[in-house]
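Please examine the following protein model. The questions and answers below move from its overall make-up to single residues.

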Amino acid sequence: MFKSLFLASATTVLFGCAGAQSLKPVEARMRPPEARHVYRLDFIVSANELGRAPQSSAYTLNLEEHDTGELRVGNNVSLGAQRADVGLKIRANLVSFGDDLVLRSDVEMSGSDDATSMHKVSMDGAALLRGGKPSLVASLDDPASHKHYEVTATATRLR
């Protein structure tokens with residue numbers, strides 16, 4: 001099911017950044033840019049299926065504090081008369097919280113086994129990141145495929 005997603009991810013990677021004013025507090029937008037830090041977010045997406053070796057993929061997104069970025073990996077597949085994007089999407093917003101960071105994220109993984117159906121698992125939430133240490137962002141079970149997915153993130157301050 002998601003096997004083709006992870007194999008295709010090596011060749012089909014699209015990175016994009018977009019500001020999301022609705023996710024930024026007014027006072028954060030008013031901070032001068034030189035007072036904000038830039039972080040490298042390293043995401044690891046692992047898929048485990050009973051009786052098989054785990055598969056992992058790594059993705060990196062550079063993000064300035066109080067900004068939102070998006071990472072997409074996947075394919076556009078035919079579902080009969082229509083087409084749909086399947087794969088991985090991670091939307092992230094990063095804010096300082098003392099010495100730590102709060103990562104607001106929206107994680108979506110989707111796939112298609114045939115031309116008649118599409119399945120997806122998603123998560124929207126927050127995780128506390130400590131600089132340089134991996135933190136669990138999402139843990140998802142796909143009841144259709146009996147696979148377990150984990151997404152971890154590590155934030156490294158660049159500036």
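Two strands pair if DSSP finds at least two bridges between them, and helices (H or I, at least four residues) and strands (E, at least two) are DSSP runs, numbered from the N terminus. This is a predicted model, in which local features need pLDDT of at least 70 and side-chain atom pairs count only at pLDDT 80 or more, while totals for chains, interfaces and linings use all residues. Residues are numbered from 1 along each chain as its sequence is written, and side-chain values use heavy atoms, with hydrogens and water left out.

Q: What is the mean pLDDT of the protein?
A: The pLDDT is the predictor's confidence in each residue, from 0 to 100. In this protein, 79% of the residues reach 70 or more, and the mean pLDDT is 80.

Q: Over which residues is the pLDDT below 50?
A: One stretch has 57 contacts in the model beyond near neighbours in sequence, where contact means heavy atoms within 4.5 Å. The pLDDT is below 50 there, over residues 1-26.

Q: How many helices and strands does the protein have?
A: Along the sequence, the pattern reads α-β-α-β-β-β-β-β-β-β-β. The secondary structure therefore comes to two helices and nine strands.

Q: In which order do the four strands of the open sheet lie?
A: The pairing in this sheet is antiparallel. Its edge strands, each pairing on one side only, are E3 and E8, and the twist averages 20 degrees from one strand to the next. The order is E3-E2-E9-E8.

Q: Which residue of E9 is the bridge partner of Ser46?
A: Strands E2 and E9 pair in the antiparallel sense over 11 bridges. In E9, the bridge partner of Ser46 is Glu150.

Q: Which residue in the turn between E4 and E5 has a positive phi?
A: E4 and E5 run antiparallel and are joined by 12 bridges. They form a hairpin with two residues between them. The residue with a positive phi, of about 70 degrees, is Gly80.

Q: Which residue of E6 stands opposite Ala92?
A: Ala92 lies in E5 and is the bridge partner of Gly69. E5 also pairs with E6 in the antiparallel sense, over 10 bridges. The residue of E6 that stands opposite Ala92 is Ser105.

Q: Which strand gives the most to the largest nonpolar core?
A: A nonpolar core is a set of buried Ala, Val, Leu, Ile, Met, Phe, Trp, Tyr and Cys residues joined through side-chain atoms within 4.5 Å. The largest one has 29 residues, and those with the most contacts inside it are Leu41, Phe43, Leu103, Met109 and Val151. With five residues, the strand that gives the most is E2.

Q: Is Val121 buried or exposed?
A: Buried means under 20% relative accessible area, exposed over 50%, and partly exposed in between (1.4 Å probe, protein chains only). Val121 has its place in strand E7, and its contacts include Val107, Met109, Leu140 and Tyr149. Because its relative accessibility is 9%, Val121 counts as buried.

Q: What separates the C-alpha atoms of Val121 and Leu140?
A: Val121 and Leu140 are 19 residues apart along the chain. Val121 nevertheless touches Leu140. Their C-alpha atoms are separated by 7.1 Å.

Methods. Axes are lines fitted to C-alpha atoms, for helices over the stretch in contact, and angles run from 0 to 180 degrees between N-to-C directions. Lists of a residue's contacts leave out its neighbours within four places in sequence.
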